[in-house]
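Visitor: Please take me closely through the surroundings of the ligand. Then place them in the chain as a whole.

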Amino acid sequence: MNRHIDFCILGGGIAGLSIADTLSERDIECLVVEKNDIGSGASGTPGGLVNPATGRRAKKSWKAEQGYEAIAENLYKVQSYSSNSFFQKNGLLRPALYEKMARKMKDQYENTSWPDDWCEWKTKKQIQEIHPGITCMDGGLWLPVGLTVDIGSYMVAYAKYLKKAGVEIITNNDPKEIHQQTTDKWKIVIEGEIIIANHLIYATGHYTKETKYWDWLPINPIKGQVAKFKKENDPLSFSHSISSLGYIARLDEEDTFIQGSTYEHDFIHLNPDTEGEDYLRKRMQRTLPKLEEQSALVDQWAGVRTSTPNYKPILGEHPEYKNLHVFSGLGSKGLLFGKFLAEHYVDHLTNKEPLYPEIAIERFEYNIGNTD
Ligand SMILES: Cc1cc2nc3c(=O)[nH]c(=O)nc-3n(C[C@H](O)[C@H](O)[C@H](O)COP(=O)(O)OP(=O)(O)OC[C@H]3O[C@@H](n4cnc5c(N)ncnc54)[C@H](O)[C@@H]3O)c2cc1C
């Protein structure tokens with residue numbers, strides 16, 4: 001017998017779980033199908049930042065306030081479903097590494113209206129008081145609002161939370177058969193069971209581009225490696241995270257931290273490698289030379305993030321297939337954008353709220369009949 005459901009979501013990463021959560025909050029029935037384990041894609045990153053200041057100029061991110069509010073609330077909500085503390089509001093230091101960078105950062109800071117208590121300009125002396133030994137040529141930013149997250153652990157706890165809230169999550173199942181059942185319904189075959197869904201959402205990260213429905217989208221896969229290091233002999237003397245030529249994510253452990261990340265546009269395998277470690281060590285060397293000398297590699301991880309031409313996510317319904325949706329392209333800001341945009345999309349679906357044009361799928365050209 002066929003089983004009927006309102007929404008079927010493919011993918012158990014930040015995008016998929018955030019959409020499932022938002023639907024469930026609105027009492028809309030949904031099912032998540034993940035082909036591997038929860039958080040086995042980019043959302044398995046062992047240490048990442050909620051960093052509202054982006055790029056070399058530390059520009060305030062697009063929709064930073066809304067994104068931050070949504071992720072912060074969500075992290076606190078999910079935390080009790082994990083035995084380890086997977087996030088902390090430990091602040092973020094952004095030293096300027098050279099004079100020109102400092103000038104541009106300061107200009108940007110002075111011309112931006114940051115929410116109260118989010119961001120402060122610091123002189124070089126003040127930066128080095130916060131973090132002795134850090135490379136800083138000329139000032140920088142201190143963002144007390146910065147959050148550091150073990151994203152993989154967050155995902156595992158998020159799935160537990162959702163199951164408790166009544167969302168069914170099927171893992172280690174790669175649905176081979178996905179067809180349009182009627183003009184507005186989708187048929188998904190999972191372990192011989194036929195699911196008929198009113199809506200099908202691809203929240204499949206960089207795999208999205210591999211499917212015939214979405215291969216026309218300009219999703220650019222970028223491999224990223226991060227490494228976990230242990231400071232030998234004594235505990236770390238700082239509790240904040242750092243964003244400078246990549247990032248140093250300081251989690252809730254006294255002597256280990258994550259150094260991220262590489263940006264590999266051409267890659268031939270998905271594993272971490274020694275080139276990745278060397279690159280990350282060099283980055284750490286530039287920011288904290290002493291720490292680099294004293295740190296030993298504990299673990300290394302690699303994942304693939306997705307970028308788009310305007311560096312913004314992609315949300316929307318397929319131009320040709322009714323009730324077929326995509327949520328991808330979260331890039332390096334999955335935490336900041338995931339829950340906020342899931343809420344935005346569910347508002348769009350349920351209340352016909354217009355989508356922000358920057359993220360709407362309509363910004364890309366599609367020729368009807370592309371799929372065949
Ligand atoms: C090295 C690195 C560092 C990062 N650092 C940060 C950071 O500091 N801050 C930040 O906010 N973000 C960071 N990110 C980005 C963030 O991790 C991503 O934006 C986010 O995880 C993307 O989530 P997603 O759900 O779109 O994709 P994914 O997490 O990749 O999830 C897609 C899921 O879909 C599953 N899937 C694929 N095809 C199918 C199918 N047909 N059926 C069922 N399931 C399927 C996959 O197995 C996968 O689990 C980083 C990413 C990397 C790689």
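Guide: The shell around the ligand holds 14 nonpolar, 20 polar and five charged residues. This is a predicted model. Of the 39 residues around the ligand, five come nearest: Gly13, Gly41, Gly205, Gly224 and Gly334.

Which elements build the shell? Helix H1 (14-25) and helix H8 (334-351) each supply at least two of its residues. Strand E3 (48-50), strand E15 (220-231) and strand E19 (295-307) each do so as well. The shell also takes in both domains: at least three residues come from domain 1 (3-44 + 153-219 + 310-363), and at least three from domain 2 (89-148 + 220-307).

Now the two domains themselves. The chain is divided into domain 1 and domain 2. Their centres, taken over C-alpha atoms, are separated by 31 Å. Contact between them involves 13 residues of domain 1 and seven residues of domain 2. On the domain 1 side, the touching residues divide into five nonpolar, eight polar and no charged.

Next, the interior. In soluble globular proteins, nonpolar side chains tend to be buried together. In this chain the largest nonpolar core has 99 residues. The members that touch the most other members are Cys8, Ile9, Ile19, Val149, Tyr154, Tyr158 and Ile201. This core, too, draws at least three residues from each of domain 1 and domain 2. Take Ile9 as a sample of the packing. Not counting residues up to four places away in sequence, Ile9 touches Gly16, Ile19, Ala20, Cys30, Val32, Ile201 and Ala203.

Step back to the whole chain. The chain has eight helices and 21 strands. Along the principal axes, its C-alpha atoms fill a box of roughly 70 × 40 × 40 Å. The radius of gyration is 21 Å, which agrees with the value near 21 Å for a compact globule of 372 residues. Of the 372 residues, 45% count as buried. Long-range pairing is well represented. Among contacts between residues at least 6 apart in sequence, 74% join residues at least 24 apart.

Back to E15, one of the strands that supply the shell. The loop between E15 and strand E16 (241-243) holds Asn233. Asn233 is not a glycine, yet its phi is positive, about 75 degrees. Asn233 counts as exposed because it has 6 C-beta neighbours inside 10 Å.

E19, another supplier of the shell, leads to a second such backbone feature. Tyr311 is in the loop between E19 and strand E20 (314-317). Phi of Tyr311 is positive, near 60 degrees, in a residue other than glycine. With 15 other C-beta atoms within 10 Å, Tyr311 is partly exposed.

One peptide bond also deserves a check. The bond joining Gly260 and Ser261 is cis, with omega about -25 degrees. Ser261 sits in the loop between strand E18 (256-260) and helix H6 (274-287).

Now H8, which supplies shell residues as well. The range of H8 is 334-351, and Ala70 is in contact with Lys339, Phe340 and Glu343, leaving aside its neighbours within four places in sequence. Ala70 itself belongs to helix H2 (residues 64-79). Ala70 is buried because 23 other C-beta atoms lie within 10 Å. Ala70 and Ile190 are 120 residues apart along the chain, and their C-alpha atoms are separated by 32 Å.

Two loops in the middle of the sequence give other pairings. Asp174 lies in the loop between strand E11 (168-170) and strand E12 (177-182). With 11 other C-beta atoms within 10 Å, Asp174 is exposed. Asp174 and Glu34 are 140 residues apart along the chain, while 6.9 Å separates their C-alpha atoms.

Gly166 is in the loop between helix H5 (151-164) and E11. Gly166 counts as exposed, with 10 C-beta neighbours inside 10 Å. Gly166 and Val32 are 134 residues apart in sequence, and 11 Å apart in space from C-alpha to C-alpha. Val32 is also among the residues that Ile9 touches, and Ile9 is a member of the largest nonpolar core.

Definitions and conventions: Residues are numbered from 1 along each chain as its sequence is written. This is a predicted model: local features need pLDDT of at least 70, side-chain atom pairs count only at pLDDT 80 or more; totals for chains, interfaces and linings use all residues. A residue is near a molecule or strand if its C-beta atom, placed from the backbone, lies within 6 Å of it. Helices (H or I, at least four residues) and strands (E, at least two) are DSSP runs, numbered from the N terminus. Ala, Val, Leu, Ile, Met, Phe, Trp, Tyr, Cys and Pro count as nonpolar, Asp, Glu, Lys and Arg as charged, and the others, Gly among them, as polar. Domain bounds come from an automatic or database domain assignment. A nonpolar core is a set of buried Ala, Val, Leu, Ile, Met, Phe, Trp, Tyr and Cys residues joined through C-beta atoms within 7 Å. A residue is buried if 20 or more other C-beta atoms lie within 10 Å of its own, exposed if 12 or fewer, and partly exposed in between; C-beta atoms are placed from the backbone. Two residues are in contact if their C-beta atoms, placed from the backbone, lie within 7 Å. The radius of gyration is taken over C-alpha atoms; the globule rule is 2.2 Å times the number of residues to the power 0.38.
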